[in-house]
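Here is a set of exercises to work through with a viewer open. Try each task before you read its solution.

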Amino acid sequence: MKDFARQNQLLSLCGLNCGLCPMNLGKYCPGCGGGEGNHSCAVARCGIEHNNPEYCFECGNYPCNKYEHIDDYDSFITHQRQKADLKKAKKGGIENYNNCQREKVEILKTLLSEYNDGRRKTFFCLAVNLLELSDIKSALIRIEEKDMDGFTLKEKSEFAVSVFNETAEKKNIRLKLIKKK
């Protein structure tokens, strides 16, 4: 979107975790305000109209009607934690939030390079988005401790997915994108 640029490419204006997005990882999207080629965005337009806050929570109108039902369904990235992640970033500070996100990005890169059988990119992006860092680290330790010598990539992938599903289930989190009906 013309005239819309941002420094932080890990957390978008509206609370999406761009650094954990399959479109961003695949270089199909530069992230929120990440250069030319940005798609039109109602939240970005709103931000421009409201003196360009770095995050929506900095606006006096937040949460506005744009946040009603925002987490009812997902796009290619989950919307399920947008409001919660903005709240977390506001409470703990952006730098702390970004440090956690950087760790998640590195873990996600590991999962994609070592356990993605070509069909799990969205799953791993979703898991790393929805689970807390401590849970992700614990799941990764369980995966890495498993003796998988002789396993095919598909078998490694299936095991990693089962560990993340089990971890999520204990937290009452469903690792599926919510499709619009």
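The exercises below go from the whole chain to single residues, and the model they use is a predicted one.

**Exercise 1. Find which secondary structure elements the chain has, and judge its overall compactness.**

Solution. Start by counting: there are 7 helices and 0 strands. Read from the N terminus, the order of elements is therefore α-α-α-α-α-α-α. Next, take the radius of gyration, which is 17 Å, and set it beside the 16 Å that the globule rule gives for 181 residues; the two are close, so the chain is as compact as a globular protein of that length. For the outline, the C-alpha atoms fill a box of roughly 55 × 35 × 30 Å along the principal axes.

**Exercise 2. Describe the chain's burial, its surface and its charges.**

Solution. Begin with burial: 44% of the 181 residues are buried. Then turn to the surface, where about 10400 Å² is exposed and carbon and sulfur atoms supply 49% of that area. Finally, count the charged side chains: 29 are positive and 25 are negative, and the centres of these two sets lie 4 Å apart. To see how the chain folds back on itself, take the contacts between residues at least 6 apart in sequence: 71% of them join residues at least 24 apart.

**Exercise 3. Locate the largest nonpolar core and say which element gives the largest share of it.**

Solution. A useful background idea is that nonpolar side chains tend to be buried together in soluble globular proteins. In this chain, the largest nonpolar core has 30 residues, and L108, L111, Y115, F124, I143, F164 and L175 have the most contacts inside it. Now assign the elements: two or more residues come from each of α4 (94–114), α5 (121–130), α6 (133–145) and α7 (153–170). The largest share, 7 residues, belongs to α5. For a closer look, pick L108: beyond its neighbours within four places in sequence, L108 touches L20, L25, F124, C125 and V128. Apart from this core lies another, of 19 residues, including L13, Y55, A89 and Y97.

**Exercise 4. Is D85 buried or exposed, and which residues does it contact beyond its sequence neighbours?**

Solution. First place the residue: D85 sits in helix α3 (residues 82–92). Its relative accessible area is 4%, and the cut-off for burial is under 20%, so D85 is buried. Then list its partners, leaving aside neighbours within four places in sequence: D85 is in contact with G15, N17 and Y97.

**Exercise 5. Which residue lies 4.0 Å from A5, C-alpha to C-alpha?**

Solution. A5 belongs to the segment before α1 (22–25). With a relative accessible area of 65%, A5 is exposed. The partner is G33, which is 28 residues from A5 in sequence.

**Exercise 6. Check the backbone for a cis peptide bond and for positive phi outside glycine.**

Solution. Go through the backbone in three steps.

- The cis peptide bond joins Y62 and P63, with omega about -5 degrees. P63 is in the loop between α2 (42–49) and α3.
- K27 has phi near 65 degrees. This residue lies in the loop between α1 and α2, and K27 is exposed at 73% relative accessible area.
- N172 also has a positive phi, about 65 degrees. N172 is in the segment after α7, and its relative accessible area of 75% makes N172 exposed.

Notes. Residues are numbered from 1 along each chain as its sequence is written. This is a predicted model: local features need pLDDT of at least 70, side-chain atom pairs count only at pLDDT 80 or more; totals for chains, interfaces and linings use all residues. Side-chain values use heavy atoms; hydrogens and water are left out. Helices (H or I, at least four residues) and strands (E, at least two) are DSSP runs, numbered from the N terminus. The radius of gyration is taken over C-alpha atoms; the globule rule is 2.2 Å times the number of residues to the power 0.38. Buried means under 20% relative accessible area, exposed over 50%, partly exposed in between (1.4 Å probe, protein chains only). Contact means heavy atoms within 4.5 Å. Accessible areas come from the Shrake-Rupley method with a 1.4 Å probe; for residues, only the protein chains shown count as cover. Lys and Arg count as positive and Asp and Glu as negative; His and the chain ends are not counted. The place of a charge is taken as NZ of Lys, CZ of Arg, CG of Asp or CD of Glu. A nonpolar core is a set of buried Ala, Val, Leu, Ile, Met, Phe, Trp, Tyr and Cys residues joined through side-chain atoms within 4.5 Å.
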